[in-house]
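Here are a few exercises to work through with the model open beside you. Take them in order, and try each task before reading its solution.

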Amino acid sequence: MKNDSVKKVVATGIGAALFFVLARFVAIPSGIPNTNIALQYGIQAVFAVLFGPVVGALSGFIGHILTDLTWGSVWWSWAFGTCVYGLIVGLFAKKINIYDGNFGKSEIITYAVANLIANIVAWPIIAAVGDVLIYKEPFSLVFAQLMVAAVADFACAMVVGGLILFGYSKTIAKSGSLDKE
Amino acid sequence: MNKVLNYIPKDSFIHRLSGTTKLVIFLTFSILCGASFDTRVLIALFILSVIGFLLSKISLREIRVMTTFLAVFLTLNFILLFIFNPEYGCELYGSRTVVAHLWGRYYITLEQLFYQFNVVLKYVIGFPIAILFISTTNPSEFAASLNSIGIPYKASYSVSLALRYIPDIQKDYHEISQSQEARGVALGKDVRFTERIKNSIKILMPLVLTSLSRIDEISNSMQLRSFGKKKKRTWYVLKKMTAADYAMIVFCAVILIGGLIITNQGGNNLYNPFVR
């Protein structure tokens, strides 16, 4: 199921569409410009865990660029941040056996570690370097924006993404869940 | 809100260009605008993008929402840039010409004003081009043109699927949130923040589950039609390249190379009018 390339193509498309819808219509502002507490990163994390790094990266990247296009300018450094974020969370997907119906303590810890690394690499590193190089914005401003982004996205991915993954794992029958009567 | 990417069908020179050409124009401007901080190059790009915008016959009224958004964003960004580091322009250009003293450490310097002018210019250039690109390119043609500039067709097809399913997912979201509201799950401003997050999950959960079953359905039907069996695919909506298209692509190559050469003349990508 996981190694199905057609399914990955479709999952990327639908994931990007979900990302777009959530980013355009359901953003909760955090107080600093261009920085929203964005539910779409929770969904991106879910897709990365369910379908792996390529889908995680591309669905976010496509969704992000499409969203930016509707506002009139693509913010490339952040788009690459989104891409890297999905990629890193997706790399941990094999460790989280969601398709076995397990999302317990060890899976949640793996998921948290994946998100922590992904958020640190994606925002204060990739996106910040991009902002400083492309827009020559002072590092202090960029860093403030991106730290807020990283913290908010981490919280969002943990709460929203985590709860959805937990809910999803409950819909799958666990292996070995049949009892002999 | 049923329009996905604000495509505005019209008959103009820009509309008649193929999607591939418009994508090349968009990327050329994005790359050059990203790589350059040279005021002369930026101003030239700005003039070109305004000319392109005028050619497309799109009226300002049709893009009012986006223009307002950009204006608000630029104003905020302008103020923040100054507050966070009022001396940044001086560091960048290596000189300091004070115009006025505001208070404390806040001096208005020519260098800072010039630097912020450049930043504003950078955002403003991208705007007409992005608008041009999305309002004159048919979304179905978009995926075809991605493929024709060398992006693998499977990735292009993902983009096409995303564009196709955005309205459907929007409808799903709307229906789910309405039915949850009917059951007392509110997302409005009068609800507490933590409550809002909790309630949003009650909407997202069904949304994700329907999307997952939709993925199954679509990929099954694509598999039945042998998607992915061949190395290439053709696109129903791909426009034929005309002489105008080739001319525009050559023109893009010229401004890209010319822009990069001018930009890198002084050793870095800045244009420094403060050097004597």
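**Exercise 1.** In this predicted model, find the residue that stands opposite B:Trp103, then describe the hairpin around that pair.

*Solution.* Start at B:Trp103 and look across: B:Tyr106 in E2(B) stands opposite. Next, follow the two strands. E1(B), residues 98–103, and E2(B), residues 106–109, run antiparallel and are joined by four bridges. Now look at the turn, where two residues lie between the strands. There, B:Gly104 takes a positive phi near 45 degrees.

**Exercise 2.** Decide whether strand E1 of chain B is well covered or hardly covered, and check how confident the predictor is there.

*Solution.* Count neighbours first, remembering that a buried residue needs 20 or more other C-beta atoms within 10 Å of its own. Among the six residues of E1(B), the count of buried residues is zero, and the strand is hardly covered. Then turn to confidence: E1(B) has the lowest mean pLDDT among the elements of chain B, 79, while H10(B), residues 243–263, has the highest, 90. For chain B as a whole the mean is 84, and 95% of its residues reach 70 or more.

**Exercise 3.** Describe the side of chain A that touches chain B, by element and by residue class.

*Solution.* Begin with the contacts: 41 residues of chain A meet 52 residues of chain B. On the chain A side, the elements giving two or more residues are helices H1, H2, H3, H5 and H6. H1(A) supplies the largest share, 14 residues. Sorting that side by class gives 30 nonpolar, eight polar and three charged residues. Finally, note the predictor's scores for the complex: an ipTM of 0.86 and a pTM of 0.85.

Key:
Residues are numbered from 1 along each chain as its sequence is written. Chains are lettered from A and ligands numbered from 1 in the order in which they are written. This is a predicted model: local features need pLDDT of at least 70, side-chain atom pairs count only at pLDDT 80 or more; totals for chains, interfaces and linings use all residues. Two residues are in contact if their C-beta atoms, placed from the backbone, lie within 7 Å. Ala, Val, Leu, Ile, Met, Phe, Trp, Tyr, Cys and Pro count as nonpolar, Asp, Glu, Lys and Arg as charged, and the others, Gly among them, as polar. A residue is buried if 20 or more other C-beta atoms lie within 10 Å of its own, exposed if 12 or fewer, and partly exposed in between; C-beta atoms are placed from the backbone. Two strands pair if DSSP finds at least two bridges between them. pLDDT is the predictor's confidence in each residue, from 0 to 100.
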